[in-house]
Amino acid sequence: MAESDKSAEAAVSDVHKKIKAAFEAFDSDCNHTVDVREIGTIIYSLGCFPTQADLHDLIAEVEQDDSAYIHLDRFLPAMTKVLLENRFPPIPEDLLLQAFKVLDNTNKGYLEPEELTKYMTEEGDPFSQEEIDEMLTALADHEKNFIYYKDLISQLTIDPDM
């Protein structure tokens, strides 16, 4: 076997391990299936950031018979292809910071939960109230209840060399 074939095979093996680990974190019944509503979170945890339309297309590709569950056997090859093609790359840190600064038009260094909720539900691909509540619980400073976006940038981006 040629050296390049071995390295390509090793890369695929590493990708499979990452996908399986992310998938299994949500496979609470240990039956190689997850709720279709978890797929977005699994994909985001793998460093991919598709649009809602792209996410729906990927779900349609891997979902069987509109069952509301996704089986690992269907998800693994589709997600492997996505990762190897780098189809949904993360947003670079500087662009993310720039976006937060646009939202923070008074340059105070943070957003209030009400501001972020307004932007996330009224602009672009709207988030559900449940998604907003989860996000605010995770992102808001628990003492002052502000979202200090500069502190969040490293959590919201992924080092491409990892």
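Start by colouring this predicted model by pLDDT: the protein averages 85, and 91% of the residues score at least 70. Now pick out the two extremes among the elements: α4 has the highest mean pLDDT, 95, and α8 the lowest, 75. Keep this in mind as you go: where pLDDT is low, the predicted coordinates should not be read in detail.

Next, switch to cartoon and walk the chain. You'll pass eight helices and two strands. From the N terminus the order is α-β-α-α-β-α-α-α-α-α. Zoom out for the whole thing, and the C-alpha trace spans about 60 × 40 × 30 Å along its principal axes.

**Helix pair: α3 and α4**

Select residues 72-85, which is helix α4, together with α3. How far apart are their axes, and at what angle do the two helices pack? The axes lie 9 Å apart and the angle is about 140°. Because the cut-off for roughly antiparallel is over 145 degrees, α3 counts as oblique to α4.

Show side chains here. On the α3 side, the contact is made by Leu58, Glu61 and Val62; on the α4 side, by Arg74, Phe75, Ala78, Met79 and Val82. Sort these contact residues by class and you get six nonpolar, two charged and no polar.

**The largest pocket**

Now bring up a surface and look for the largest pocket, with a volume of about 2000 Å³. To centre your view, select Tyr44, Gln52, Met120, Phe127 and Met135, the closest to the pocket's centre among the 42 residues that line it.

Which helix gives the largest share of the lining? Select α7: six of the lining residues come from there. Then add α2 (39-45), α3 (52-62), α5 (93-103), α6 (113-122) and α8 (149-156), each of which, like α7 (129-139), supplies at least two lining residues.

Last stop: colour the lining by residue class. It has 25 nonpolar residues, nine polar and eight charged. While you're there, remember that α8, one of the contributors, is the element with the lowest mean pLDDT.

Conventions. Residues numbered from 1 in each chain as written. Predicted model: local features only at pLDDT ≥ 70, side-chain atom pairs only at ≥ 80, totals over all residues. Heavy atoms only, no water. 1 Å grid on protein atoms, 1.4 Å probe; cavity = no way out; pocket = protein on both sides within 12 Å on 5 of 7 lines; lining within 4 Å. Points joined across faces, edges and corners; volume = space filled by probe spheres on them. Helix = DSSP H or I, 4+ residues; strand = E, 2+ residues; numbered from the N terminus. Nonpolar A, V, L, I, M, F, W, Y, C, P; charged D, E, K, R; others polar. Axes fitted to C-alpha atoms, helices over the stretch in contact; angles between N-to-C directions. Parallel < 35°, antiparallel > 145°, perpendicular 65-115°, else oblique. Contact = heavy atoms within 4.5 Å. pLDDT = per-residue confidence, 0-100.
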